[in-house]
Amino acid sequence: MNSKVTSEGSKFDALKWAVVLVILTVGVVGNSIYAEESLFYRVVALLVLAGVAGFVALQTEKGQAFFNLFKEAKAEIRKVVWPTRQETGQTTAIVVVVVLVVGLLLWGLDSLLSWLVSGVIG
């Protein structure tokens, strides 16, 4: 019985995605047709159409899956232990020092090899 509901939901999903595509097409075409209108009104109209298209898209199975992924990612971000300002500064200083040291070592190695090659070639 559950598979019957899923297959019926996916039948309507194709129709819902078609509606989303039509709404977005209307927004793009309407924006070009009404190019002489105020930018503010065109932006508001596009935002409203995008909101309606997003609402319709969220009613599909893939839209729900995306929304659940978004909620889970938000929850995971809250679990992250972010570095303090002091830790960030110290890490940045360490990276800068290491880059400078490696740069100097490579410069020295390049100079040495250049000197050796010029000595051999003459």
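Trainee: In which helix is the place of Ile94?

Mentor: This is a predicted model, and the helices in it are numbered from the N terminus. The run that holds Ile94 spans residues 85–121, which is helix 4.

Trainee: Is Ile94 buried or exposed?

Mentor: The relative accessibility of Ile94 is 54%. The cut-off for the upper class is over 50%, so Ile94 counts as exposed.

Trainee: What is the area of the nonpolar surface patch made by Ile94, Val98, Val102, Leu106, Leu109, Leu112, Leu113, Trp115 and Leu116?

Mentor: Residues enter a patch with over 30% relative accessible area, and Ile94 has 54%. Ile94 joins Val98, Val102, Leu106, Leu109, Leu112, Leu113, Trp115 and Leu116 in this nonpolar surface patch, for which the computed area is about 880 Å².

Trainee: Where is the place of Thr60?

Mentor: Helix 2 covers 39–58 and helix 3 covers 61–79. Thr60 lies in the loop between helix 2 and helix 3.

Trainee: Is Thr60 buried or exposed?

Mentor: Not counting residues up to four places away in sequence, Thr60 touches Asp13, Lys16 and Trp17. Its relative accessibility is 1%. Since buried means under 20%, Thr60 counts as buried.

Trainee: Which residue has its backbone oxygen reached by the side chain of Thr60?

Mentor: The distance for this approach by the Thr60 side chain is 2.6 Å, and the cut-off for a polar contact is 3.5 Å. The backbone oxygen belongs to Ala57.

Trainee: Which side chains meet in a salt bridge?

Mentor: Side chains of opposite charge can pair when their charged atoms come close. The structure holds 1 salt bridge. With an N to O distance of 3.2 Å, its partners are Glu76 and Lys79.

Trainee: By about how many helical turns are Glu76 and Lys79 separated?

Mentor: Glu76 is partly exposed at 46% relative accessible area, whereas Lys79 is exposed at 59%. Both belong to helix 3, where they are 3 residues apart, so the separation is about one helical turn.

Trainee: How many aromatic pairs does the count come to, and why is the pair of Phe40 and Tyr41 given its class?

Mentor: The count comes to 1 aromatic pair. The ring centres of Phe40 and Tyr41 are 5.6 Å apart, and the cut-off for pairing is 6.5 Å. Phe40 is exposed, with a relative accessible area of 56%, and Tyr41 is exposed, with 58%. The planes stand at 65°, and therefore the class of the pair is edge-to-face.

How values were computed: Residues numbered from 1 in each chain as written. Predicted model: local features only at pLDDT ≥ 70, side-chain atom pairs only at ≥ 80, totals over all residues. Heavy atoms only, no water. Phe/Tyr/Trp six-rings, centres within 6.5 Å; stacked < 30°, edge-to-face > 60°. Buried < 20%, exposed > 50% of the residue type's maximum accessible area, 1.4 Å probe, protein only. Patch = residues over 30% accessible without salt bridge, like charges linked within 9 Å, V, L, I, M, F, W, Y side chains within 5 Å. Areas by Shrake-Rupley, 256 points an atom, 1.4 Å probe, with all protein chains shown as cover. Salt bridge = Lys/Arg side-chain N within 4 Å of Asp/Glu carboxyl O. Helix = DSSP H or I, 4+ residues; strand = E, 2+ residues; numbered from the N terminus. Polar contact = N/O pair within 3.5 Å; in protein donor to acceptor, adjacent residues only side chain to side chain. Contact = heavy atoms within 4.5 Å.
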